[in-house]
Amino acid sequence: MRKVVLVVCSVVLCVTVSAAKDKISSQWKCDAKAADEHSIAVGDKGDHAYHISQGKCASEKGAMGEVKEQEGTWTEFDEITGNATRNHGVFVVTLASGDKVFYNYHGTQTGKDGKIITGTNTWTLGGGTGKFKGVKGEGGCKGKGNPDGSSTWNCDGTYSVGK
């Protein structure tokens with residue numbers, strides 16, 4: 001009987017440890033202009049367009065465990081109608097160790113004159129490299145535009161790294 005209890009306790013402990021999630025809290029400052037972007041008018045309304053773009057962000061704060069986030073590259077597809085944007089994309093984060101983490105996101109933004117005013121998104125982690133291969137997680141971000149045209153995004157969520 002003791003062996004059964006010991007085995008059950010060991011299994012419960014292993015499941016608890018493997019299911020443990022770490023918290024992540026990051027802040028990103030993203031460039032005012034995309035490095036590459038293309039837009040096509042839909043033609044049904046004067047202010048309706050599809051847009052694809054790629055740009056860079058610098059980490060203001062944040063780490064995965066003890067490994068600091070350094071920079072991020074976003075690649076996104078937008079549907080723009082007037083000042084409202086719906087988007088989805090992939091955010092590739094490079095960590096101080098050289099490992100990468102891949103965030104899949106979708107969200108909305110409001111803007112004016114090509115600049116972000118506010119935005120929100122939700123994300124899931126879609127994997128990584130090195131120590132973060134097999135990483136899983138989820139969370140969200142809230143963003144706001146800055147006077148210089150850049151944007152600042154505060155992101156929170158949880159993640160776990162598979163062994």
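**Confidence**

I began with the confidence of this predicted model: the mean pLDDT of the chain is 89, and 87% of its residues reach 70 or more. The pLDDT is the predictor's confidence in each residue, on a scale from 0 to 100. I then looked at residues 1–18, where the pLDDT is below 50 and the model shows zero contacts beyond near neighbours in sequence; contact means heavy atoms within 4.5 Å. Where pLDDT is low, the predicted coordinates should not be read in detail.

I note the conventions here: residues are numbered from 1 along each chain as its sequence is written, and side-chain values use heavy atoms, with hydrogens and water left out. Local features need pLDDT of at least 70, side-chain atom pairs count only at pLDDT 80 or more, and totals for chains, interfaces and linings use all residues.

**Overall fold**

I listed the secondary structure and found one helix and 10 strands. Helices (H or I, at least four residues) and strands (E, at least two) are DSSP runs, numbered from the N terminus. Read from the N terminus, the order is α-β-β-β-β-β-β-β-β-β-β.

I looked up burial for the chain and found that 35% of its 163 residues count as buried. Buried means under 20% relative accessible area, exposed means over 50%, and partly exposed lies in between (1.4 Å probe, protein chains only). The chain exposes about 10,000 Å², and carbon and sulfur atoms supply 58% of that area. These areas come from the Shrake-Rupley method with a 1.4 Å probe; for residues, only the protein chains shown count as cover. Among contacts between residues at least 6 apart in sequence, 50% join residues at least 24 apart.

**Strand β1: C30**

I located C30 in strand β1 (residues 22–30). C30 counts as buried because its relative accessibility is 8%. Not counting residues up to four places away in sequence, C30 touches K56, C57, W74, S150, S151 and W153. For C30 and K56 I noted a C-alpha to C-alpha distance of 5.9 Å, with their positions 26 residues apart in sequence.

**Aromatic pairs**

I searched the whole structure for aromatic pairs and found four. Rings of Phe, Tyr and Trp (its six-membered ring) pair if their centres lie within 6.5 Å; planes under 30 degrees apart count as stacked, over 60 as edge-to-face and the rest as tilted.

One of the pairs is W28 with F91, edge-to-face, at 5.0 Å centre to centre and 90 degrees between the planes. This pair links distant parts of the chain, since W28 lies in strand β1 and F91 in strand β6 (residues 84–95), 63 residues apart. W28 is buried because its relative accessible area is 4%. F91 is likewise buried, at 12%.

Another pair is Y103 with W123, also edge-to-face, at 4.8 Å centre to centre and 80 degrees between the planes. Y103 is in strand β7 (residues 100–112) and W123 in strand β8 (residues 115–128), 20 residues apart. Both Y103 and W123 are buried. I recorded that ring pairs link W28, F91, Y103 and W123 into a cluster.

**Charged residues**

I counted two salt bridges, a salt bridge being a side-chain nitrogen of Lys or Arg within 4 Å of a carboxyl oxygen of Asp or Glu.

K29 and D148 form a salt bridge at 3.9 Å, N to O. K29 belongs to strand β1 and D148 to the loop between β9 (136–145) and β10 (151–160), 119 residues apart. K29 counts as partly exposed because its relative accessible area is 34%.

R86 and E79 form a salt bridge at 2.5 Å, N to O. R86 is exposed, at 52% relative accessibility, whereas E79 is buried, at 18%.

I next examined D78, in strand β5 (residues 67–81). D78 is buried yet has no salt bridge, and the nearest side chain of opposite charge, R86, is 9.8 Å away. For charge, Lys and Arg count as positive and Asp and Glu as negative; His and the chain ends are not counted. Leaving aside neighbours within four places in sequence, D78 is in contact with A49, Y50, H51, S53, T85, R86 and N87.

**Backbone at D113**

I checked D113, in the loop between β7 and β8, and found phi near 55 degrees, a positive value in a residue other than glycine. Most residues other than glycine have a negative phi. D113 is exposed because its relative accessible area is 70%.
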